Amino acid sequence: TAMFASNLIKSLKNAAIITSGRNNLYHNNKCNMSQMLAKRRSKQLQEPQQQQKLCNSYTTICPKKDLINRTRICLVLLPLTSVSCTAHTSTTNNVKATAINDSDIMSEEAKNAKSIYDFTVKDTHGEDVSLEKYRGNVVLIVNIASQCGLTKNNYKKLTELREKYGDKGLKILNFPCNQFGSQMPESDGEPMVCHLRDAKADIGDVFQKIDVNGSNAAPLYQYLKAKQTGTLGSGIKWNFTKFLVNKEGIPVSRYAPTTDPMDIAKDIEKLL
């Protein structure tokens with residue numbers, strides 16, 4: 001009995017030790033878990049701060065990156081601007097050179113002319129036409145083209161001008177010209193007539209295709225440019241340059257290619 005009691009006491013002590021060990025282990029694990037959770041919580045709390053710090057850094061960096069990009073853009077654009085200016089200067093110089101050459105090569109016919117009535121031109125079918133036939137009329141002279149960006153509006157408005165003032169003494173003389181971007185490819189004669197008919201351009205009398213600038217410029221245009229020199233020299237700048245001629249056959253006004261024909265109406269009315 002005494003031995004049994006002694007063994008029982010030892011067993012109880014061992015059980016107590018084991019239980020205590022388990023409790024300690026549980027406590028330690030619990031502490032470790034708490035520490036782990038605390039660290040994780042701390043990390044979670046720090047992450048927004050780090051993200052905010054990163055965002056702030058990005059915000060600070062962005063303007064510099066943008067500045068670098070803008071600098072690169074400027075470096076690209078500046079040469080382009082330079083090229084554009086050079087091209088513009090070159091074009092301007094060419095215009096001036098053309099004007100000087102036009103003056104130098106002015107034909108005797110153009111030099112001696114007193115009015116447009118001194119010129120004889122050819123119609124689209126190659127027949128001679130003396131401009132004397134237009135004496136006593138107000139005349140609008142235009143170099144036309146079929147494939148220009150200005151074609152549609154000018155065809156329409158020139159037609160309106162002719163319809164409005166044709167019976168009152170306005171005559172529109174149209175000279176096809178292929179010198180500007182090769183935008184008048186149609187041949188004289190029937191192809192030209194068909195083109196204007198298809199375009200519904202009832203714009204007045206149509207003459208043979210001519211040059212308006214250079215050594216082969218028609219004498220009529222040499223005369224017109226000498227009387228109304230225009231901007232940046234006398235050379236014709238583009239399709240649909242317009243000359244308004246009074247009843248005495250003298251050119252009195254010149255209009256840029258972009259001038260809407262109907263904007264000339266008031267000037268026409270003053271001369272009629």
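**View 1. Asn154 and its neighbours.** Leaving aside residues up to four places away in sequence, Asn154 touches Phe240, Lys242, Pro257, Thr259 and Pro261. The model shown here is a predicted one. Asn154 belongs to helix H3, which covers residues 151–165. Is Asn154 buried or exposed? With a relative accessible area of 2%, Asn154 is buried, because buried means under 20%.

**View 2. The five-stranded sheet.** Here we meet an open sheet whose strands follow the order E5-E4-E3-E6-E7, with mixed pairing. Its edge strands, E5 (205–206) and E7 (251–255), each pair on one side only. E6 and E7 run antiparallel and are joined by four bridges. Lys242, one of the residues that Asn154 touches, stands opposite Tyr255 in E7.

**View 3. Two helices on the sheet.** H3, the helix that holds Asn154, packs on the sheet and touches E3, E4 and E6. The direction of H3 makes about 150° with that of E4. H5 lies across E3, E4, E6 and E7, and runs at about 110° to E3.

**View 4. The largest nonpolar core.** This core has 27 residues, and those touching the most other members are Ile116, Ile141, Phe175, Leu220 and Tyr221. Strands E3 (138–144), E4 (170–176) and E6 (242–245) and helix H5 (219–227) each give two or more residues to this core. Which element provides the largest share? That is H5, with four residues.

**View 5. Around Tyr221.** Setting aside residues up to four places away in sequence, Tyr221 touches Ile141, Val142, Asn143, Phe175, Ile210, Val212, Ile236 and Phe243. Apart from the largest core lies another, of 24 residues, including Ile144, Cys148, Ile172 and Tyr255.

How values were computed
Residues are numbered from 1 along each chain as its sequence is written. This is a predicted model: local features need pLDDT of at least 70, side-chain atom pairs count only at pLDDT 80 or more; totals for chains, interfaces and linings use all residues. Side-chain values use heavy atoms; hydrogens and water are left out. A nonpolar core is a set of buried Ala, Val, Leu, Ile, Met, Phe, Trp, Tyr and Cys residues joined through side-chain atoms within 4.5 Å. Buried means under 20% relative accessible area, exposed over 50%, partly exposed in between (1.4 Å probe, protein chains only). Contact means heavy atoms within 4.5 Å. Two strands pair if DSSP finds at least two bridges between them. Axes are lines fitted to C-alpha atoms, for helices over the stretch in contact, and angles run from 0 to 180 degrees between N-to-C directions.
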